[in-house]
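Let's take a walk through this protein together, one region at a time. Have the structure open and turn it as you read.

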Amino acid sequence: MRPDLAAALDLSPHPEGGWYRQTWASPEVVTLADGRVRPTATLIHFLLPTGESSAWHRVASDEVWLAHTGAVVLELGGTGAEPAATGSVVVGTDVDTGQVAQAVVPAGVWQRTRPGSQDALVSCLVSPGFDFADFELADRAPTD
């Protein structure tokens with residue numbers, strides 16, 4: 001069932017879990033080393049409702065997480081063939097409790113999100129711009 005905030009922001013289901021919509025793509029482009037062309041950056045809203053989590057995945061570009069409401073636990077899983085939990089950070093607006101309002105996941109690093117105690121809305125800025133051709137879901141969860 002589509003959460004009310006997902007409806008209000010016109011978000012769609014994301015293949016990794018949660019809800020998203022691209023809100024901006026830079027009109028400037030960059031040509032990657034392999035000849036593909038991408039916007040220099042793209043931006044999405046990403047909603048992770050309480051009780052949902054995202055699957056382990058990685059993208060071929062750096063990703064900056066920006067907190068709006070609630071908090072998500074952003075878990076990192078290294079750069080190997082399969083994710084192997086290496087650490088986590090809580091992305092949220094309550095910086096007095098150790099949450100961070102921004103976090104960077106370098107290109108090629110496995111990541112997943114777990115929800116906090118309430119629905120969390122974040123934005124993700126990807127540079128060079130996101131393309132599903134550069135998105136990889138893990139075959140299985142890591143052994144923690």
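How many bridges join β2 to strand β5, and in which sense do the two run? Keep in mind that this is a predicted model. In it, β2 and β5 (residues 42-48) run antiparallel, and six bridges hold the pairing. If you want one spot to look at, find Arg21, which stands opposite His45 in β5.

β2 has another partner, too. Strand β1 (residues 12-13) pairs with β2 (residues 19-25), again in the antiparallel sense, over two bridges. Here Pro13 has Trp19 in β2 as its bridge partner. β1 and β2 make a hairpin, with five residues between them. In that turn sits Gly17, with a positive phi of about 115°.

Now step back along the chain to helix α1 (residues 4-8), where you'll find Ala6. Ala6 is buried, with a relative accessible area of 0%. What does Ala6 touch, leaving aside its neighbours within four places in sequence? Its contacts there are Leu11, Trp19 and Leu47, and Trp19 is the residue we just met as the partner of Pro13. Ala6 and Phe46 are 40 residues apart along the chain, yet their C-alpha atoms are separated by 9.0 Å.

Next, look for the largest pocket, which holds about 190 Å³ of space. Elements giving two or more residues to its lining are β2, β5, β6 (57-59), β7 (62-69) and β12 (120-127). β5 supplies the largest share, three residues. The lining has 15 residues in total, and His14, Ile44, Glu63, Val126 and Phe130 lie nearest the centre. By character, the lining splits into nine nonpolar, four polar and two charged residues.

Last stop: the charged side chains. Side chains of opposite charge can pair when their charged atoms come close. The whole structure has eight salt bridges. Asp34, Arg36, Arg38, Asp131 and Asp134 are linked in a network of them. Take Asp134 and Arg36, whose side chains meet at 2.6 Å, N to O. Asp134 lies in the loop between β12 and β13 (135-137) and Arg36 in the loop between β3 (29-31) and β4 (37-39), so this pair ties together parts 98 residues apart in sequence. Arg36 is partly exposed at 31% relative accessibility, whereas Asp134 is buried at 13%.

Asp134 also forms a salt bridge with Arg38, with the closest N and O atoms 2.8 Å apart. Both of these residues are buried. Arg38 forms a salt bridge with Asp131 as well, at 3.7 Å between the closest N and O atoms.

Notes
Residues are numbered from 1 along each chain as its sequence is written. This is a predicted model: local features need pLDDT of at least 70, side-chain atom pairs count only at pLDDT 80 or more; totals for chains, interfaces and linings use all residues. Side-chain values use heavy atoms; hydrogens and water are left out. Two strands pair if DSSP finds at least two bridges between them. Helices (H or I, at least four residues) and strands (E, at least two) are DSSP runs, numbered from the N terminus. Buried means under 20% relative accessible area, exposed over 50%, partly exposed in between (1.4 Å probe, protein chains only). Contact means heavy atoms within 4.5 Å. On a 1 Å grid over the protein atoms alone, a cavity is a set of points where a 1.4 Å probe fits but cannot get out, and a pocket is an open set with protein on both sides within 12 Å along at least five of seven lines; lining residues have an atom within 4 Å of a point. Grid points are joined across faces, edges and corners, and a volume is the space filled by probe spheres set on the points. Ala, Val, Leu, Ile, Met, Phe, Trp, Tyr, Cys and Pro count as nonpolar, Asp, Glu, Lys and Arg as charged, and the others, Gly among them, as polar. A salt bridge is a side-chain nitrogen of Lys or Arg within 4 Å of a carboxyl oxygen of Asp or Glu.
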